[in-house]
Amino acid sequence: MTRTQDNRGPIVGVTLSGIGIFSWAVLYTSLELGRTTPTTVSRAWLAMLLGLGAALLIWQSLFALWLRHVSGLPVHILIAKVSAPAIALLFCAPFSIAAYQSDETFHYLTGNPIPNALVRWTPLLIMLVYQEATLVWNASLDGRVAPWLHKKHAAPLLIFAAFASLYIFSAGGHLYSPDERYMYAATEKLGEWVPIEALNGAGEPHPDGIQPGYYKYGLVPSLLALPPYWISRAVGL
C-alpha cells in the first residue's frame, strides 16, 4: 500500500464524520427550532447549530486524546479510529433532507415524540457505543482483562451493560402512562402477597379515573420488577 493510499483513508474518514456531525446538528436544530434558509436563518438557530457542532468536535477531540493515551496508536490509525464512530451520524442526512423537502415528513417528526427521539438520538447512541468498544478493544491492558475481551461473549455483555446503564441512569423515576401504572399496581400486589385472583384489576379504578382498569400485559414485567420493589420498600422509599 502506498503512502498516498495510507493518507487517503484518514482524510475520507474525517470528511464523512464531518458530514455526519453537520447532518446531526442540522436535523436536531431544525426539529427543535424549525426549518430555515440561508436568507432567513436566525441568531438562535445558528447559535444552536454551531453549539451542537462544537460540542461534538470537542467530544471527538477528548475521545482522540483518551484513545491515544490508552492505546499508543500511530497518528494515521488514530484518526481513522476516531472518525469511524461519527460516521454513524450520516444516518441523519436522509432525514435532514426529507424534513426540508417534505412538509409531511417534517410535521410527522415534530408531531410524534417517539420518531422524533429516534432520529435524534439513535445515531448518537450508536456513535457512543462504537467509541466505547473502540476504547476497550484498543486499550493496552494486562492480566486477565485483555484475554477476556477477545472471547465471543465479551462484546454482547459490554453492549448490554452500556445500554442497561443508559436506561438506569436516565430513568425519570415516575410513570408516564396508564400501562406503566397498571404494571406497578400488579407489582405492588405481588410484592404484598395479594391473592393471584386479585390481579385481574376487577374493581381497580382507572389511573385517570375514567373507567375500571384491567391489567392485560401478563405477569412477567411485574415479576421482573419485584426485586427492586422489595429493595425500595426495605429502605423506606
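## A walk through an eleven-helix chain

Start by selecting threonine 36, which sits in the loop between H1 and H2. Keep in mind as you go that this is a predicted model. Is threonine 36 buried or exposed? Its relative accessible area is 14%, under the 20% cut-off, so threonine 36 counts as buried. To see what is around it, show Val41, Ser42, Trp45 and Tyr100: threonine 36 touches these four, leaving aside residues up to four places away in sequence.

Now hop to leucine 46. Its C-alpha is 9.8 Å from that of threonine 36, and the two residues are 10 apart along the chain. Leucine 46 belongs to helix H2, and at 38% relative accessible area it is partly exposed. While you're there, draw a C-alpha to C-alpha distance from leucine 46 to valine 26: you should get 9.6 Å, for a pair 20 residues apart in sequence.

Time to zoom out. Colour by secondary structure and you'll find 11 helices and zero strands, so to speak a run of α-α-α-α-α-α-α-α-α-α-α from one end of the sequence to the other. Of the 237 residues in the chain, 30% are buried. Put a surface on and the chain exposes about 15400 Å², with carbon and sulfur atoms supplying 68% of that. Take the contacts between residues at least 6 apart in sequence, and 65% of them join residues at least 24 apart.

Next stop, the inside. In soluble globular proteins, nonpolar side chains tend to be buried together. Select Trp24, Leu56, Leu89, Leu124 and Met127 as sticks: these have the most contacts inside the largest nonpolar core, a set of 18 residues. Which elements give two or more residues to this core? They are helix H1 (3–33), helix H2 (43–71) and helix H6 (113–138). H1 supplies the largest share, with seven residues. Another core, of seven residues, lies apart from this one; Phe63, Leu67, Val70 and Leu73 are among its members.

Go back to leucine 124 and show what is around it. Not counting residues up to four places away in sequence, leucine 124 touches Trp24, Leu56 and Leu89.

From the inside, turn to the surface. Select Ile58, Trp59, Leu62, Leu65 and Leu128, and you have a nonpolar patch with about 510 Å² of accessible area together. H2 gives the largest share of the patch, four residues. Leucine 128 is in helix H6. Why does leucine 128 count as partly exposed? Its relative accessibility is 34%, and the partly exposed range lies between 20% and 50%.

Last stop: helix H9, residues 178–191. Try a quick ruler check here. With 14 residues at 1.5 Å a residue, H9 should span 20 Å, and its end C-alpha atoms are 20 Å apart, so the two agree. Then pick out the buried residues of H9: Tyr182, Ala186, Thr187, Lys189, Leu190 and Gly191. What covers them? Show helix H10 (220–224) and helix H11 (226–234), which are included in that cover. Before you close the viewer, step just past the end of H9 to tryptophan 193 and check its backbone: phi is positive there, about 60°.

Note on methods:
Residues numbered from 1 in each chain as written. Predicted model: local features only at pLDDT ≥ 70, side-chain atom pairs only at ≥ 80, totals over all residues. Heavy atoms only, no water. Core = buried A, V, L, I, M, F, W, Y, C linked by side-chain atoms within 4.5 Å. Buried < 20%, exposed > 50% of the residue type's maximum accessible area, 1.4 Å probe, protein only. Contact = heavy atoms within 4.5 Å. Expected span 1.5 Å × (residues − 1). Patch = residues over 30% accessible without salt bridge, like charges linked within 9 Å, V, L, I, M, F, W, Y side chains within 5 Å. Areas by Shrake-Rupley, 256 points an atom, 1.4 Å probe, with all protein chains shown as cover. Salt bridge = Lys/Arg side-chain N within 4 Å of Asp/Glu carboxyl O.
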